[in-house]
Amino acid sequence: MTQIPGEPLGQMMEALDGTRFSHSGIAVRHPRGDLDLPATHMASALATKLDGEGFDIGGVRWDPFHELWDKHRDLYCIPMPDQLRGRALAYLDVFRPEPGQEGTFSLVKLVAVALALRAIELQEDRSQHAEALFTAASDIATAWAATVDEPSYYCAELVANAYGRTFTRAEMVPPKGTPGLGDGFDEPWWISRLAALLSERFEGIDDPRGRAWAGLTSALAGGDWDFVVHAIGASARSAIFMLRGRIEGDVAVPDELVAPAPGHPGLAQNDAIPPALVTPRMLWAVFGHDAAGNDLIRRIEPPR
């Protein structure tokens with residue numbers, strides 16, 4: 001699904017990941033019925049609450065297509081083989097659109113995937129620092145991995161788990177021409193002090209999540225707190241943007257997916273990554289072409 005027009009967090013992710021697809025899910029018919037009938041909803045992990053649930057930060061939702069079109073977004077679909085589609089529907093079957101049975105939405109792992117993409121951006125010019133950032137992002141993604149007891153997801157992670165596809169670090173390398181964020185940030189004086197305080201706070205913690213956060217703060221203190229300032233600012237502006245309730249602007253038409261720049265050092269790194277580092281663009285790249293290389297992705301036309 002394309003970005004919400006003008007939404008700052010989506011724009012930041014586009015700069016890092018090189019695509020205008022900012023959300024992903026699985027097309028389903030809901031309520032669950034005859035699987036041969038056309039899909040009417042998108043099942044995905046979203047940070048929105050169920051009716052009557054009170055405070056909630058989301059989980060797996062079954063959103064009608066028309067509600068997504070109303071937000072100035074376009075929907076695209078990739079036909080899946082019967083075996084993979086059956087697996088995904090069976091995976092979704094453990095969730096219910098009821099309070100307490102829909103899982104939760106993971107804001108933490110959104111930070112992790114942005115940080116991993118930032119590491120890919122810096123890999124050519126600041127390889128040692130990039131490796132530290134990527135390790136920290138992977139540790140966060142692993143420590144917060146979705147489990148049966150704690151089904152907490154963000155959108156692309158849910159899809160990757162549902163289809164059972166393992167992704168590699170090489171597949172995280174964005175398309176040629178992706179601009180990245182660069183280094184032109186103004187870093188407030190208090191950021192370095194905050195990094196030191198956070199590192200001290202987590203020092204010696206034996207909990208896996210505590211150790212992952214300690215690694216994160218240590219890596220960022222090595223020279224990329226400017227990214228944190230940018231990411232926090234984009235997140236805050238996006239929250240304000242959504243609270244306004246007025247979405248205007250043209251739909252972001254996705255460009256054709258192109259290959260990464262030849263010679264990027266990340267292309268040689270075929271180690272597996274946690275599902276929590278997968279992006280919608282990566283799902284398109286691996287599922288969106290047939291054996292002959294033909295693009296399978298199709299726009300879902302709204303009813304007239």
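How many bridges join strand β2 (residues 41–46) to β3? In this predicted model, the number is six, and the two strands run antiparallel.

**The sheet**

Strands β1, β2 and β3 form an open sheet in that order, with antiparallel pairing. The edges are occupied by β1 (26–28) and β3 (59–64); each has a single partner strand, so one side of each is left without a neighbour in the sheet. From one strand to the next, the twist averages 35 degrees. Within the pairing of β2 with β3, M42 stands opposite D63 in β3. Helix α3 (residues 82–92) lies across β1, β2 and β3, and runs at about 80 degrees to β1.

**The nonpolar cores**

The largest nonpolar core comprises 57 residues, of which I26, F134, M172 and L277 touch the most other members. Helix α4 (residues 107–122) makes the greatest contribution to this core, with nine residues. Apart from this core lies another, of six residues, including M42, F65, L68 and W69. In general terms, nonpolar side chains tend to be buried together in soluble globular proteins.

Leaving aside residues up to four places away in sequence, I26 touches H41, M42, A43, R85, A88, L92, V159, A162 and Y163. M42 is thus both a contact of I26 and a member of the six-residue core.

**Helix packing**

Two packed helices are described by the angle between their axes and the distance between the axes. Two helix pairs are set out below.

| Helix pair | Angle | Axis distance |
|---|---|---|
| α1 (residues 8–17) and α4 | roughly 35 degrees | within 9 Å |
| α6 (residues 155–163) and α10 (residues 280–287) | about 30 degrees | 9 Å |

The crossing of α1 and α4 is left-handed. On the α1 side, the contact involves M12, M13, L16 and D17, which meet V113, A114, L117, R118 and E121 in α4. By class, the residues of this contact divide into six nonpolar, no polar and three charged.

Which residues of α10 meet α6? They are P280, L283 and F287, and their counterparts in α6 are C155, A156, V159, A160 and Y163. The contact of α6 with α10 consists of eight nonpolar residues, with no polar and no charged ones. Charged residues, by contrast, number three in the contact of α1 with α4. From helix α6, V159 and Y163 take part in the contact with α10, and V159 and Y163 are also among the residues that I26 touches.

Terms used:
Residues numbered from 1 in each chain as written. Predicted model: local features only at pLDDT ≥ 70, side-chain atom pairs only at ≥ 80, totals over all residues. Heavy atoms only, no water. Core = buried A, V, L, I, M, F, W, Y, C linked by side-chain atoms within 4.5 Å. Buried < 20%, exposed > 50% of the residue type's maximum accessible area, 1.4 Å probe, protein only. Helix = DSSP H or I, 4+ residues; strand = E, 2+ residues; numbered from the N terminus. Contact = heavy atoms within 4.5 Å. Axes fitted to C-alpha atoms, helices over the stretch in contact; angles between N-to-C directions. Left-handed = near helix turned anticlockwise from the far one by under 90°. Nonpolar A, V, L, I, M, F, W, Y, C, P; charged D, E, K, R; others polar. Pairing = 2+ DSSP bridges.
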